[in-house]
Amino acid sequence: MRRRGFGFGRKAAIFPLEIKLAHQQLSAGDYAGAALAFESLARHAEEIGGPRAPLFLLQAGKAQIASGNIGAGMQHLRRGLTMLTERHQFTQLYHAERRAVDELQQRGLTNEANELETFLQGSLPAMADLPTQHITTTRPILPTHCPACGGPLRPNEIEWFSPNSAECPFCASPVQAKD
Ligand SMILES: [Zn+2]
């Protein structure tokens, strides 16, 4: 059952299997392969005007950095984060930025971590304006990964359409909370 995502025209929707393969490559440590796969997904998402391009770019950036292509990875991260800013997805931006900065620091890439923080300093609205209830609210427990595409699910960063069901941000499949 497809609720949406066909777009109108030239390009077909992105299939969860395609996304699943990219996530599998990333978790299997095939970072170069995962980077290519997520870059192609990001292009595809942009072509069909899909809302998921920034997520794929952030994954591509993470994969490039893990495979040692720091410059290319940083470019993807900056672009993905800029898209989130332009779309006013500030909750996602806040979490994605924290995660990217932490990962860079863990890899000893202090300059890059600082660069990203500086880059984003003007982007985030004042902390007081952030929808903090999304950050602190306790949500029901979701599977840690989407059953359809294997993407990581973060309860505070995804769209809930009922108290117990949410939508995978990567493949738009519905995901049920566990009891
Ligand atoms: Zn999914």
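## A zinc site and a pocket

Read along the sequence, this chain runs α-α-α-α-α-α-α-β-β-β, which adds up to 7 helices and 3 strands. Helices (H or I, at least four residues) and strands (E, at least two) are DSSP runs, numbered from the N terminus. You are looking at a predicted model, where local features need pLDDT of at least 70 and side-chain atom pairs count only at pLDDT 80 or more, while totals for chains, interfaces and linings use all residues. Residues are numbered from 1 along each chain as its sequence is written, and side-chain values use heavy atoms, with hydrogens and water left out.

**The zinc site**

- Four sulfur atoms coordinate the zinc ion at 2.3 to 2.4 Å: those of Cys146 (SG), Cys149 (SG), Cys168 (SG) and Cys171 (SG).
- Donors here are N, O and S atoms within 2.8 Å of the metal (3.2 Å for Na, K and Ca); water is not among the atoms, so sites may look incomplete.
- The arrangement is tetrahedral because the 4 donor atoms subtend angles of 107 to 112° around the zinc ion (four donors count as tetrahedral if all angles lie between 85 and 135 degrees).
- Along the chain, the donors of the zinc ion are spaced as C-x2-C-x18-C-x2-C.
- Cys149 and Cys168 link distant parts of the chain, 19 residues apart: Cys149 is in the loop between α7 (132–136) and β1 (159–162), and Cys168 is in the loop between β2 (165–167) and β3 (174–176).

**Burial and disulfides**

- Buried residues make up 42% of the 179 residues in the chain, where buried means under 20% relative accessible area, exposed over 50% and partly exposed in between (1.4 Å probe, protein chains only).
- Cys146 counts as buried because its relative accessibility is 3%, and Cys168 counts as buried at 1%.
- Cys149 is buried too, as is Cys168.
- The count of disulfides comes to 0, a disulfide being a pair of cysteine sulfur atoms within 2.5 Å.

**The largest pocket**

- About 630 Å³ of space lies in the largest pocket.
- Of its 29 lining residues, the closest to the centre are Leu55, Gln92, Glu157, Pro169 and Phe170.
- The elements giving two or more residues to this lining are α3 (53–66), α4 (70–86) and α5 (90–106), and α5 gives the most, with 6 residues.
- On a 1 Å grid over the protein atoms alone, a pocket is an open set of points where a 1.4 Å probe fits, with protein on both sides within 12 Å along at least five of seven lines; lining residues have an atom within 4 Å of a point.
- Grid points are joined across faces, edges and corners, and the volume is the space filled by probe spheres set on the points.

Terms used
Tetrahedral: all angles 85-135°; square planar, octahedral: opposite > 155°, others 65-115°.
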